[in-house]
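I sat down with this one to get my bearings before going back to the bench. These are my notes, in the order I looked things up.

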Amino acid sequence: MSLVFKQETFRDDFTYRNSPANIRRFPFPFDRDEYMYSVNMEPHVKGRPGTVFENLIDVDEHYVSEMRDRALVLKEDPLRYQALPHMMSAQWDTLELLMEEQAAGYPEHFTLIRNGDQWRWINRPLGIDDTFTFGDPSTLPYEPLEYISRQTQGDICVVDQRDGNLWMDAGMVTTQADWSLDFDIGMNFMEWHGPVPLAHQIGVFDRALKFLLNLQLGKPVRRFNWTMTINPRLDTSPENYPKWGPDRTTVTPENVGEKVHLRVELQSLWRLPRSNAILFVIRCYLMNMEELVTVPKWARRFPRVLKTLPPELIDYKGLTRYRQTTIDWLEKFDDGAPTSPGFWPD
Amino acid sequence: MLVEGIKSRPVYRGLTLQRHARRHLFVLEGEGAHALLDQTDRLDETILSRSEILYVARGSQGKGHDQALQQLGADMFFTAPTIPTLLFRLKVSLSTAHMGTRLYIAGTEGFIGQAMMVALELGMDHASILTEHRGSLARRVQCVHCKGITDDVTQTPFTCSHCGLPLLVRDHYSRRLGAFQGVNIDAEEPGSAPEPEELFL
């Protein structure tokens, strides 16, 4: 099925919606009726057509509008893109990987032509056709990482590996669930995860770090994370918290279906070939409750998950003000029937 | 109110003298002078002849720490009138330093953070720097919204000295900024900020 790119907004009038086909391929992250942190990593391999795993870098109907929203964020706050000076080789690694994956997955939209170090990149949805010298930043309009992450859905972090740790040393972060690259850049794995509750105590980060330090070239891994967002707003940054925080007080029983969104991060982690850094793609998917309940299995499961969340997670994810209203609304769609294992729709 | 137990919070392990060092650079603020003065008995002539002491009195003005430090008889001694003056001198001392130089920093957290930033910018590894927290618990805080930095914060929430938002001081710390993170506490319901608590005296 060929992609039709939607024109929509993630701010002001919030016209973002998922088409019925896009709802079916939404990466619903709960494979059972409850949730707790775990090192839920699995190989990032291709999956069935019609799912977000059809290609390893997923491009969907929101591509063009998401890229426009990213450009708007950067105009207001260019600090959302930063890279420490020693990360240039990792920047080129990232550009190569994201161009190759997108061109391989969507040849009708992206083309990469390599002739030695002379590369030509064609991005039809965004109307880009650039020729540049691989390895020479002066031949691109932006640094390589900024250039390619302005053309890739999802936040892009590039993590350096040294001293038995991982370091958040470069990134493009405009669709984040309330963390600041500007504040966290240069931190190690434990430090940048510092504010996350519960997970440190149960050893999740120790195990995750050990696992990632051994990540192999050509064998990317993935995991899900999730939270909830009021209105389809991609930029829920701490920087702009005073702009989006008040949205959380606007949820009523009448508008739950339209306003409350499940926000899923599909995180994929890739070892990079020259720099030995790790590319960390945090792809954000949004779906409102009206869309969610069109899949009966998810309509049953999601209120059950919300009801059994530990209090620390309710607080950390910022759900306190509207969780109960959302459960009340969703429960109309839960007939109590058992749900099948796994996250796919039945 | 305080978000506690966060892993990015620095640990200050104390100014343990590194006897094998070829040069010792002590950077001290206020009560941080005691981090060195308290171990005078361990300062032999070899160490002192290889030592440079930079000091800024700030809150300890008039307590005579500067004289006590001077009387140690280090190879070099400098009293700065303000932190920026001291940091400027530190930059010069470090940029002409040789291999085998050890950096020791003692004082309030905000001071340690700023001196550390100078060293990090010159390529020193943070793990090789010895630090000791002395004096007030006041924090240096970056407002995550306007990016302005407020020094000597003793309360949470406090009013950002730049944009005026009431900020919760989180225990999330950036070495690169030498500051804790301040986040608007009443963003969801403006005007609902709780009374400030003096937590960092």
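**Chain B, overall.** I started with the secondary structure of chain B, which comes to 5 helices and 12 strands. I kept in mind throughout that this is a predicted model. Next I checked how compact chain B is. Its radius of gyration is 18 Å, and a compact globule of 201 residues would have one near 17 Å, so the two agree. I also took the spans of the C-alpha trace of chain B along its principal axes, and they are about 60 × 35 × 30 Å. Buried residues make up 42% of the 201 residues in chain B. I then looked at contacts in chain B with a separation of 6 or more, and 69% of them are accounted for by residues 24 or more positions apart.

**One residue in chain B.** I picked B:V56, which lies in strand 2 (residues 51-56) of chain B. Is B:V56 buried or exposed? I found 27 other C-beta atoms within 10 Å of B:V56, and the cut-off for buried is 20 or more, so B:V56 counts as buried. Which residues does B:V56 touch, leaving out those up to four places away in sequence? My list reads B:E29, B:A80, B:T82, B:I83 and B:L86. I also tried a pair distance: B:V56 and B:V144 are 88 residues apart in sequence, and their C-alpha atoms are 29 Å apart in space.

**Chain A, overall.** I ran through the same checks here. Chain A has 13 helices and 10 strands. Its radius of gyration is 20 Å, close to the 20 Å that the globule rule gives for 346 residues, so chain A is as compact as a globular protein of that length. The C-alpha trace of chain A spans about 60 × 45 × 40 Å along its principal axes. Of the 346 residues in chain A, 40% are buried. For contacts with a separation of 6 or more in chain A, residues 24 or more positions apart account for 70%.

**One residue in chain A.** I looked up A:D130 and found its place in strand 5 (residues 128-133) of chain A. A:D130 has 13 C-beta neighbours inside 10 Å, so I noted it as partly exposed. A:P141 is 11 residues from A:D130 along the chain, and their C-alpha atoms are separated by 9.4 Å.

**A helix pair in chain A.** How do helix 11 and helix 13 of chain A pack? Helix 11 (residues 296-307) and helix 13 (residues 323-331) of chain A have their axes 9 Å apart, at an angle of about 150 degrees. The cut-off for roughly antiparallel is over 145, so that is what I wrote down for helix 11 and helix 13 of chain A. The crossing of helix 11 of chain A past helix 13 of chain A is left-handed. On the helix 11 side of chain A, I have A:A299, A:F302, A:P303, A:L306 and A:K307 making the contact. Helix 13 of chain A brings A:R323, A:T326, A:I327, A:L330 and A:E331. I sorted the residues of this contact between helix 11 and helix 13 of chain A into 6 nonpolar, 1 polar and 3 charged.

**Where the chains meet.** Last, I went to the contact between the chains, which takes 20 residues from chain B and 18 residues from chain A. Which elements of chain B give two or more residues to the side that touches chain A? They are strand 10 (166-174) and strand 11 (179-184) of chain B. The residues on that side of chain B divide into 7 nonpolar, 7 polar and 6 charged.

Notes
Residues are numbered from 1 along each chain as its sequence is written. Chains are lettered from A and ligands numbered from 1 in the order in which they are written. This is a predicted model: local features need pLDDT of at least 70, side-chain atom pairs count only at pLDDT 80 or more; totals for chains, interfaces and linings use all residues. Helices (H or I, at least four residues) and strands (E, at least two) are DSSP runs, numbered from the N terminus. The radius of gyration is taken over C-alpha atoms; the globule rule is 2.2 Å times the number of residues to the power 0.38. A residue is buried if 20 or more other C-beta atoms lie within 10 Å of its own, exposed if 12 or fewer, and partly exposed in between; C-beta atoms are placed from the backbone. Two residues are in contact if their C-beta atoms, placed from the backbone, lie within 7 Å. Axes are lines fitted to C-alpha atoms, for helices over the stretch in contact, and angles run from 0 to 180 degrees between N-to-C directions. Angles under 35 degrees count as roughly parallel, over 145 as roughly antiparallel, 65 to 115 as roughly perpendicular and the rest as oblique. A crossing is left-handed if the near helix is turned anticlockwise from the far one by less than a right angle, and right-handed if clockwise. Ala, Val, Leu, Ile, Met, Phe, Trp, Tyr, Cys and Pro count as nonpolar, Asp, Glu, Lys and Arg as charged, and the others, Gly among them, as polar.
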